[in-house]
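Work through the exercises below with the model open. Try each task before reading its solution.

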Amino acid sequence: MSTHFFADTSVLLGRSMRHIFRSVDTIITTAITPIALMLLFVYVFGGAISTGTDNYVNYLLPGIMLIAIASGIAYTAVRLFTDMKSGIFERFQSMPIARSSVLWAHVLTSLVANGLSLVIIVLVALLMGFRTSASLLAWLAVAGILTLFTLALTWLAIIAGLSAKSLDGAGGFSYPLIFLPFISSAFVPTETMPGPVRWFAENQPVTSIVNTIQDLFASRPVGNDIWIALAWCVGILVLAYVFAMVVYRRKIT
């Protein structure tokens, strides 16, 4: 790693964040759809859904947050793809900067942009009646899990941005990730699902992450779900990072 890695990444992060703040619609767009889903499920479907909780928005919020992250990382892939096609990517490679800082700037931009979207969503949820007895430590645990989840999906987005042949292809990879929370415990308990669907829902990463965040918000014991959630997030993150770096090296050689 270059001794200038952190300084180079900081400069490139500032560039990416300036683009974000000049086009705030990116953050608003990634927040609006999840908020619309939250409004729809709470005020239209919520009365007909039995989750064992008095306030459906308390049950729903963790899944909505994951949908927001899955939506937001599509923009990371698009931004990276656009940099590659515009020629700025090659210009960066010709400059005396740490090569990996180009990717890490996009990763950190994703963390910041998604974090802002999540703050907006939580504020709207509070207006809708979301309440939690979670301690500061529980909130920090939630933030840590969401950060790991964002990092894991962001490195998947890096792979898509480096490998895509078109702009639509760069962002389109995120659609299955956005759909995953719908087949999980995010909207209804998995016990209500038919056999094969229930099996899939209980053995895919979103359910363990949602269950963990729900338990943390409700100040309940988290059990094994937190370890399963961490294993999924770390496993996906490591594999995606390694594969992304392989693809990146092939692109710059």
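Four exercises follow, on a model that is predicted.

**Exercise 1.** Compare the span of helix 11 with the expected one.

*Solution.* Start with the extent: helix 11 covers residues 225-252, which is 28 residues. At 1.5 Å a residue, the helix should span 40 Å. Next, take the end C-alpha atoms: they lie 40 Å apart, so the two values agree. Last, look at burial. Among the buried residues of helix 11 are Ile226, Ala229, Cys233, Leu237 and Ala240. Further along, Ala244, Met245, Val247 and Tyr248 are buried too.

**Exercise 2.** Classify Leu40 as buried, partly exposed or exposed, and place it in its surface patch.

*Solution.* Locate Leu40 first: it sits in helix 2, residues 25-45. Its relative accessibility is 33%. Buried needs under 20% and exposed over 50%, so Leu40 is partly exposed. Now add the neighbours in the patch. Leu39, Leu40, Tyr43, Val44 and Phe45 make a nonpolar surface patch of about 460 Å².

**Exercise 3.** Classify Thr29 and find how far its C-alpha atom is from that of Ser117.

*Solution.* Thr29 also belongs to helix 2. Its relative accessible area is 36%, so Thr29 is partly exposed. Along the chain, Thr29 and Ser117 are 88 residues apart. In space, their C-alpha atoms are separated by 9.0 Å.

**Exercise 4.** Describe the largest pocket and find which helix gives the most to its lining.

*Solution.* Begin with volume: the largest pocket holds about 300 Å³. Its lining has 17 residues, and Thr53, Tyr59, Gln214, Ala218 and Arg220 are the closest to the centre. Then check the helices. Helix 3 (56-86) and helix 10 (205-217) each supply at least two lining residues. Helix 10 gives the most, with four.

Technical notes:
Residues are numbered from 1 along each chain as its sequence is written. This is a predicted model: local features need pLDDT of at least 70, side-chain atom pairs count only at pLDDT 80 or more; totals for chains, interfaces and linings use all residues. Side-chain values use heavy atoms; hydrogens and water are left out. The expected span of a helix is 1.5 Å times one less than its number of residues. Buried means under 20% relative accessible area, exposed over 50%, partly exposed in between (1.4 Å probe, protein chains only). Patches are made of residues with over 30% relative accessible area and no salt bridge: like charges are joined within 9 Å, nonpolar side chains (Val, Leu, Ile, Met, Phe, Trp, Tyr) within 5 Å. Accessible areas come from the Shrake-Rupley method with a 1.4 Å probe; for residues, only the protein chains shown count as cover. A salt bridge is a side-chain nitrogen of Lys or Arg within 4 Å of a carboxyl oxygen of Asp or Glu. On a 1 Å grid over the protein atoms alone, a cavity is a set of points where a 1.4 Å probe fits but cannot get out, and a pocket is an open set with protein on both sides within 12 Å along at least five of seven lines; lining residues have an atom within 4 Å of a point. Grid points are joined across faces, edges and corners, and a volume is the space filled by probe spheres set on the points.
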